[in-house]
Amino acid sequence: MFAATGVSDAEGNLAAIGDALDTLPALPAAAVVMGMAEPPTALGARAVPVFAFPEPAVTALGRAADYAAWRSRPLGSRPDLPGIDRAGARAVVDRLLEHGDGWQSASDAAAILACYDIQVTQALGVASKGEAVAAARAFGYPVAVKADDPRFVHKTGTGTVHLGLGDAHQVRAAYAEVAARIEGDENASVTVQPMLDADVELAAGIVHDAQFGSLVMVGLGGTATDIADDKQFRLLPVTDADAAAMWRSLRSRPLLEGYRGSRPVDTDALADLLVRLGRLAEDLPEIAELDLNPVMPVRYGVQAVDVKLRLARTGDEPDPIARRLR
C-alpha cells in the first residue's frame, strides 16, 4: 500500500514496489495506490493489479484464495451405477416424442426413472370411486388423490390434488372433483398414492442453462421451495464428490443431518440419487426439465413423491455436450 504525498517520489516508490514483487513470483499480491490523480493500473513485470482503496484489494485476494481452494479440491470419480437400463429409457423417450414433446404424464416419467433405479412412490391409477377407495385401503390411510395429467403441471390450487385423506368418504369426494377436472382427456387419469411423513422435504431434478446445458439440482423442497431458494446446481458429469458437496452446501444442511432431534436423511442415498440424475441427463439430452418435489426420506433411502417431466426434441434445448462460454 502506498499513499502519495506532495514530497514523495511517487514514481520511484511504485517502481521499487514493482521490483520487490517481481522477486516473489509465487506470492499472491495486490497493490493499493492512494493520493495520485492518475495511478497506474498494474505494477512490475508481474502486472500486479492496483486498487484505489484497501477494501476492494482485500476482496480480490479473498476471491483468488477461494478460487485456488476450489481448484485444489478433488474432482471425485464417475462411479459405476448398477441397475441402469439405458436402452429401456431410450425406448420410452422415443415413444413419447413420437406423439410430441412437452410435459409428460407422471406414469411415463416414473417409467423412465425406474430405468435408472430412481425410486418413486407408488401410485395406482383408478377409474371409479370404488377403485379409489379400494386402492386407499390397500395402501392404508392417509392417502392422496391426484390427477396424472400433463396439463396440470402445478396441481396445488387447481383442484387436481387432495392430500391427507383419512377415510373412504374423503377419497370418494376427492375422486369426484379430480375426475371432473380431467374429464374429456383420454390421456389423463386419477391416481391414488400413500402419504409419506418426514421431517424435511427436498427437491431434486434436471434443469437447462442457456450456456451450460444440463444441470443437476438439489434443494429444500415442498410448496415453499421457490420462496426458500435454498438450491445447489452442478454441471455434468456429476461425480461422487459433486453429489456430496451439493447437499453439504445447502443452508438447510442441519435439517438433513438431524436438527434438534428430527430424523436425519440418508445422505448417501441422496448423493446416489444426484449421481443417477446426472447420468440420466447425460444419456437423455431430450430431458429438458425434470422436477422431483418433494423427495422424502423413507426407511431405505429417499423417494420422489411427485414427478414432473418435460421432453424437448434434439436441437430445441442447449447442447448438453458443449462446455463453452459464449
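**Exercise 1. Find the residue of strand 4 that V32 stands opposite, then work outwards to the whole sheet.**

Step 1. Look across from V32 in this predicted model, and you'll meet F51 in strand 4.

Step 2. Now name the strands. Strand 2 covers residues 31-34 and strand 4 covers residues 48-51. They are joined by 2 bridges and run parallel.

Step 3. Zoom out. The order 1-2-4-3 describes an open sheet of 4 strands, and its pairing is mixed.

Step 4. Check the ends of that order. Strand 1 (2-3) and strand 3 (42-43) each have a single partner strand, so each has one side without a neighbour in the sheet.

**Exercise 2. Work out which residue of strand 9 V126 stands opposite, and describe the sheet around this pair.**

Step 1. Opposite V126 you'll find V190, in strand 9.

Step 2. Strand 9 (residues 189-194) is linked to strand 6 by 3 bridges, and the two run antiparallel.

Step 3. The sheet is open, with 4 strands in the order 6-9-7-8 and antiparallel pairing.

Step 4. Who's at the edges? Strand 6 and strand 8 (161-165) are, because each has a single partner strand.

Step 5. Add the twist: on average, neighbouring strands here are turned by 30° against each other, if you ignore direction.

A handy reminder for both exercises: strands of a sheet pair through backbone hydrogen bonds, either parallel or antiparallel.

**Exercise 3. Decide whether T121 is buried or exposed, and list what it touches.**

Step 1. Locate T121 first: it sits in the loop between helix 4 (106-114) and strand 6 (124-126).

Step 2. Take its relative accessible area, which is 5%. Buried means under 20%, so T121 counts as buried, at 5%.

Step 3. Skip residues up to four places away in sequence, and the contacts of T121 are Q193, P194, L196, Q303, A304 and V305.

**Exercise 4. Explore the largest nonpolar core: which residues touch the most other members?**

Step 1. This core has 48 residues, and the ones touching the most other members are I112, L273, L277, L280, L290 and L292.

Step 2. Ask where its residues come from. Helix 10 (residues 267-283) gives the largest share, with 9 residues.

Step 3. Pick L277 and leave aside its neighbours within four places in sequence. L277 is then in contact with I118, A204, G205, I206, V216, L290 and L292.

Step 4. Don't stop there: a second, separate core has 19 residues, including V126, V143, I182 and A188. You've met V126 before, standing opposite V190.

Methods: Residues numbered from 1 in each chain as written. Predicted model: local features only at pLDDT ≥ 70, side-chain atom pairs only at ≥ 80, totals over all residues. Heavy atoms only, no water. Core = buried A, V, L, I, M, F, W, Y, C linked by side-chain atoms within 4.5 Å. Buried < 20%, exposed > 50% of the residue type's maximum accessible area, 1.4 Å probe, protein only. Contact = heavy atoms within 4.5 Å. Pairing = 2+ DSSP bridges. Axes fitted to C-alpha atoms, helices over the stretch in contact; angles between N-to-C directions.
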